[in-house]
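Open the model in a viewer with a cartoon view and side chains available. The stops below go from the sheet to the charged pairs.

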Amino acid sequence: MDVKSAHTRFFVSDIGACAEFYRDVLKFEPVTIQVEKGYAELIVADVRVALFRQQEMSEILRTSDKAIGKDIQDRVGLILNVQNLDDIYHELRQADVEFAEPPTQNNEFSLKVAYFRDPAGNLIGLFESMM
């Protein structure tokens with residue numbers, strides 16, 4: 001398999017709110033935001049995130065009759081490697097981002113980590129190397 005590039009696609013019900021969150025709160029650079037068409041792409045560093053209308057994807061996959069899980073364990077997360085996690089944590093808290101807990105030291109992997117969710121409930125982790 002010769003892959004040229006890749007991105008992470010989140011299936012969301014509110015493209016506008018999620019695009020605004022990634023653009024305004026997380027400071028991702030918009031590539032395209034087409035709320036009326038149900039699609040947006042944003043980028044930071046070499047991380048490209050695409051937002052796609054959840055209902056449309058469920059119709060494509062013929063899964064519209066399946067329940068949408070909220071109270072389930074996460075199966076995927078967007079992990080961003082950052083510097084100065086404590087400063088970023090305080091900045092995001094000022095923007096009303098709710099974290100699972102304050103930045104926590106993970107000594108086994110020499111990391112400081114903090115987790116929160118985007119408006120669609122997708123898990124996002126911030127990792128800072130302590131090495």
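In β4, select R53: the bridge partner of this residue is V12. Note before going on that this is a predicted model.

Widen the selection to β1 and β4 (residues 47–53), which run parallel and are joined by 5 bridges. These belong to an open sheet of 4 strands with mixed pairing, in the order β1-β4-β3-β2. β1 (8–12) and β2 (29–34) each have a single partner strand and stand at the edges, so one side of each lacks a neighbour in the sheet. From one strand to the next, the twist averages 15 degrees.

Next, select helix α1, residues 15–25. This helix lies across β1, β2, β3 (39–44) and β4, and runs at about 165 degrees to β4.

Now show the charged side chains; the whole structure has 4 salt bridges. Three stops follow.

- R53 and E56: the closest N and O atoms of this salt bridge are 3.2 Å apart. R53 is partly exposed at 26% relative accessible area, and E56 is partly exposed at 29%.
- R23 and D24: their side chains form a salt bridge at 2.7 Å, N to O. R23 is partly exposed at 31% relative accessibility, as is D24 at 35%.
- K112 and D86: their side chains meet in a salt bridge at 2.8 Å, N to O. The pair links distant parts of the chain, 26 residues apart, with K112 in strand β7 (residues 111–117) and D86 in helix α3 (residues 85–94).

Is K112 buried or exposed? K112 counts as buried, because its relative accessibility is 14% and the cut-off is under 20%. D86, at 34%, is partly exposed.

Notes:
Residues numbered from 1 in each chain as written. Predicted model: local features only at pLDDT ≥ 70, side-chain atom pairs only at ≥ 80, totals over all residues. Heavy atoms only, no water. Pairing = 2+ DSSP bridges. Helix = DSSP H or I, 4+ residues; strand = E, 2+ residues; numbered from the N terminus. Axes fitted to C-alpha atoms, helices over the stretch in contact; angles between N-to-C directions. Contact = heavy atoms within 4.5 Å. Buried < 20%, exposed > 50% of the residue type's maximum accessible area, 1.4 Å probe, protein only.
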